Amino acid sequence: MSRLVFTKPFTQQEPISEQAIEQAVAVLRSGRLHRYNTLGDEAGQAADLESAYATYQEADYCLALTSGGTAMQIALRACGVKPGDAVVTNAFTLAPVPGAIAAVSARPVFVETTVNLTVDLDDLDAKLEASGAKVFMLSHMRGHIAPMERLCEIVAKHGAVLIEDCAHTMGARWNGIRSGNFGTAACFSTQTYKHMNSGEGGFLTSNDPDLMARATVMSGSYMLYNRHGAGPSEPHFERARLEMPNCSSRMDNLRAAILTPQIETLDTNIDRWNARYRKLDDGLSGAANATLTERPQHEHYVGSSFQFLVPEDTSDEDARALVARCAQRGVELKWFGDANPVGFTSRYDSWEYAEAQTLPYTIKVLQRIMDLRVPLSFSEDDCGLIAQIIREELAGI
Ligand SMILES: *Cc1c(COP(=O)(O)O)cnc(C)c1O
């Protein structure tokens, strides 16, 4: 009897477009790779990228940076986080988030996770209260968006500031509002596995001109901060230019040249991701031993990854066996329950630099999460086949 097998790699991206390649080559030919290395009244690719992304994001200001992680560090510091301060964040997230908090010598305080993979709002309320934290770094982990109206009410009630980590929600909306426009600042990543690809890279967006002036000086602007594409006006820099340290993390013109054309295709790509996501969702609906996450009507998500939950009583051995059986048939699942960090995934209790915390509900949810990437190099039919393979293997748990 022949078994279906999937043969494409889960880590392969689509190529960079010919238009982006041409623009990158033009930058190389000019030799002007540094963002402030401009001639005459030329804006430069990094500045052009900032104005194009600010327009797409519907935000007043955008600062282009070297990574999503540096965007988070700079956002935290620009919001006034000091060494030793508590910063509340999701327990279900990836290592760069608590890493950014640790990088500014602050203390991550983790919030519990719901079965829909969003932050638990009652626990958020409790953790803000107990810790006295003045900043909540919300990671829209794997693109699952929590009910934002109630979330913002809770944050406001505690007089705290919201920073959104939109690494997985670039281009998404909640109730018509772009993810990233609910808080004081938002951070994005253009690392290869995210929604735009420049290898490494990131954005910080905000409508607060003073915060953005502080962030721009920190990014390493020297006294050339007036050469930005979507930055605040000169008077906002009066204090920031002397108060803020230079933490060199500028975007360069080469990567910017690759990114600007990708903004134009982002919405089309989101439709393509979601068509693939729906194939997986339909293919796994009603499958034995799988609970699919509910996606609320308000959520206009980006289905660039897919998650399902195995039953509560699944043992570690059974979870590992499911991953192994799918892998044998070419389907790469990541299990978030593994106590031993593997690949890009790790559990909150493996971040030993953070104070030890007990999150019984999150541990139960993580034990159940199976996760897969949905690269655009897969066709919709590929996603149907992947769902079928997982469905067959789930029956054997
Ligand atoms: C990728 C990622 C980031 C930031 O990534 P960089 O690699 O630093 O650009 C932040 N949060 C989450 C959840 C991520 O997956």
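## What covers helix 10

In this predicted model, the buried residues of helix 10 (buried meaning under 20% relative accessible area, exposed over 50%, with a 1.4 Å probe and protein chains only) are covered by elements that include strand 13 (334-335), strand 14 (369-373) and helix 12 (380-394). Those buried residues are Ala319, Leu322 and Cys326; seen down the axis of helix 10 they fall within an arc of 60°, taken from the directions from the helix axis to the C-beta atoms, so they line one face of the helix. The face turned away from the buried side carries the exposed residues Glu317 and Gln328, and Gly330, just after the helix, takes a positive phi of about 85°.

## The seven-stranded sheet

An open sheet of seven strands has the order 1-9-8-5-4-2-3 with mixed pairing, where two strands pair if DSSP finds at least two bridges between them. Strand 1 (61-65) and strand 3 (107-111) stand at the edges with a single partner strand each, so one side of each is left without a neighbour in the sheet.

Strand 2 (residues 86-90) and strand 4 (residues 135-139) run parallel and are joined by two bridges, and the bridge partner of Thr89 in strand 4 is Met137. Helix 2 (residues 45-57) packs on the sheet, touching (heavy atoms within 4.5 Å) strand 1, strand 8 (185-189) and strand 9 (202-206).

## Basis of the values

Residues are numbered from 1 along each chain as its sequence is written, and side-chain values use heavy atoms, with hydrogens and water left out. Because the model is predicted, local features need pLDDT of at least 70 and side-chain atom pairs count only at pLDDT 80 or more, whereas totals for chains, interfaces and linings use all residues.

Notes
Helix = DSSP H or I, 4+ residues; strand = E, 2+ residues; numbered from the N terminus. Axes fitted to C-alpha atoms, helices over the stretch in contact; angles between N-to-C directions.
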